[in-house]
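Q: I am in my first year and would like a close look at a single part of this structure. Could you take me through it slowly, explaining each term as it comes up?

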Amino acid sequence: MHIFDLINDDLFSPLAGSNKRRYMDILCLIWDKCQRMPMYAIEKSTIINEVEAYFIGLGEEVILDETEESEEDNADASEYRNNATRFLRRLRKTGWLEEKDGDYEEEPKLAVKYTVVPLLKSFNEIINPKIITYKGKLFKIYALLDSIEQQENPYETILKEVSEDMDDLNQSLRQLAASIEEYIDTLTKGKKPQEILKLFEKYEERIVVGAYHRFKTNDNLFYYRTGLYEQLDFCEDDLLQDLIIDYMEVEKKDCADARYEIKKMINKIRDDVNEMEEIMRVIDNKHIIYRTRAVQRAQFLLLSDGSVKSKINGLLQYYATQITSGDINAFDDTIAGNLFQIYNQNYFAYDSLATPSRRRNPTPIDLIKTIEALDYNLVEKEKNRLLDYARNALTSENVYRFAKEVLKGHQAVSASSIYKNDLTTIVKIIGLYTYSQANDRAYNVMIKDTYVEYAGMRFKDFIIEERDA
């Protein structure tokens with residue numbers, strides 16, 4: 001089905017003419033009145049009065065095009081009211097509005113066409129973008145999946161809802177990532193330093209700190225990711241049959257199609273989690289670029305605005321260039337020569353004339369004396385001892401090998417489960433935590449709020465998970 005099978009072919013013509021701004025204002029005004037009304041309808045006279053008041057408040061002459069002129073104008077009405085009826089008439093003809101008969105002893109009503117409601121919502125969101133609470137979205141997804149086993153309709157009430165919420169969350173994160181580019185472009189266009197700082201503070205306060213920063217710190221994706229994967233594995237294994245039955249009842253599909261769609265949805269949610277991590281990485285990189293360019297732009301403007309500070313900065317840069325590339329012994333007869341007193345003896349540091357330290361003379365190497373024959377049993381025993389030490393030493397290679405062993409066949413494991421199963425691994429567990437910040441590590445560590453107390457040992461529990469390549 002094509003979109004113009006559902007809407008009028010001329011739907012967008014009012015928004016493409018000379019009065020497009022007025023039409024958009026009128027649509028926003030009508031939507032504000034009708035969005036909470038049954039059937040999006042309100043009395044026709046009320047809407048005409050509102051639009052007439054809009055033209056009165058506009059206080060300027062409206063030049064009509066041929067599509068807006070009509071012979072149906074009321075000669076006794078004011079020009080403002082005639083303009084209101086002309087504009088509403090065109091919105092009705094192009095499919096934005098429709099007229100509905102009133103109930104008994106009620107006047108006719110004008111209603112927003114239900115097919116264009118998503119468009120009006122989108123227009124309003126462009127003008128007044130809503131701030132997504134990433135923290136609340138992610139917690140809702142985690143809580144829903146955590147309770148899926150207790151639901152009678154796990155597909156309809158949980159899995160479908162989680163899939164839609166993940167789409168909304170990733171969409172809002174993509175929008176945040178894309179908006180950073182627009183802010184960077186805005187900062188590079190003839191803005192004063194004060195304007196740059198104001199724009200930077202607004203973006204930082206409303207988006208970065210208000211929503212994204214708390215999302216990154218309080219409810220970090222890495223904190224929930226292991227739990228999300230575990231619940232998805234549970235859905236694909238133990239709960240799969242219940243999900244298939246619920247899907248068949250809701251979507252009216254056979255068993256084979258239901259099984260395919262459920263598995264597809266579970267894999268899609270897994271991909272959404274990975275995609276969220278990638279988007280967050282892009283946002284972090286863009287934030288660094290954004291802050292750097294904002295500071296550089298402000299510094300450039302502050303040092304080139306024609307003030308005394310910028311002029312002095314220009315003189316200093318000039319003299320720095322002369323000292324670096326010119327003849328510093330040349331006589332300077334300008335006023336700046338007396339003002340700054342720049343001489344070559346003040347240019348060189350005192351350390352430049354320091355006496356170099358004397359090198360130590362090499363000492364002769366003593367000759368090795370002849371020794372008796374070695375005890376090969378003792379040598380073999382010492383060699384084996386050194387090999388055992390090397391195998392059990394807390395080197396990065398041994399720690400990474402241990403991490404692969406405990407993660408074999410698992411998405412993630414907790415340090416408490418490793419320790420309780422084998423008390424001798426406490427040293428290796430310490431090694432896992434010690435090397436968790438190395439650049440070449442093959443795993444990630446996430447600290448939990450709980451403590452492990454077992455066999456006289458106490459430490460803060462943490463989760464080990466495989467690091468993406």
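A: A good place to begin is S414, which touches D461, F462, I463 and I464 when residues up to four places away in sequence are not counted; contact here means heavy atoms within 4.5 Å. The model is a predicted one, in which local features need pLDDT of at least 70 and side-chain atom pairs count only at pLDDT 80 or more, while totals for chains, interfaces and linings use all residues. Residues are numbered from 1 along each chain as its sequence is written, and side-chain values use heavy atoms, with hydrogens and water left out.

S414 lies in strand 4, where strands (E, at least two residues) and helices (H or I, at least four residues) are DSSP runs numbered from the N terminus. S414 counts as buried because its relative accessibility is 18%; buried means under 20% relative accessible area, exposed means over 50%, and partly exposed lies in between, using a 1.4 Å probe and protein chains only. The side chain of S414 is also joined to that of S416 by a polar contact of 3.2 Å, a term for a pair of N or O atoms within 3.5 Å, of which, within protein, one must be able to donate a hydrogen and the other to accept it, and for which residues adjacent in sequence count only if both atoms are side-chain atoms.

From this residue we can move outward to the sheet. Strands of a sheet pair through backbone hydrogen bonds, either parallel or antiparallel. Here 3 strands form an open sheet in the order 4-6-5, with antiparallel pairing; two strands are taken to pair if DSSP finds at least two bridges between them. Strand 4 (412-414) and strand 5 (443-454) are the edge strands, each pairing on one side only, and the twist from one strand to the next averages 15°. Strand 5 and strand 6 (residues 457-466) run antiparallel and are joined by 9 bridges, and within this arrangement Y443 stands opposite E466 in strand 6.

Two helices complete the picture. Helix 15 (residues 396-407) lies across strand 4, strand 5 and strand 6, running at about 75° to strand 5, where axes are lines fitted to C-alpha atoms, for helices over the stretch in contact, and angles run from 0 to 180 degrees between N-to-C directions. Helix 17 (residues 426-434) packs on the sheet as well, touching strand 5 and strand 6, and its direction makes about 60° with that of strand 6.
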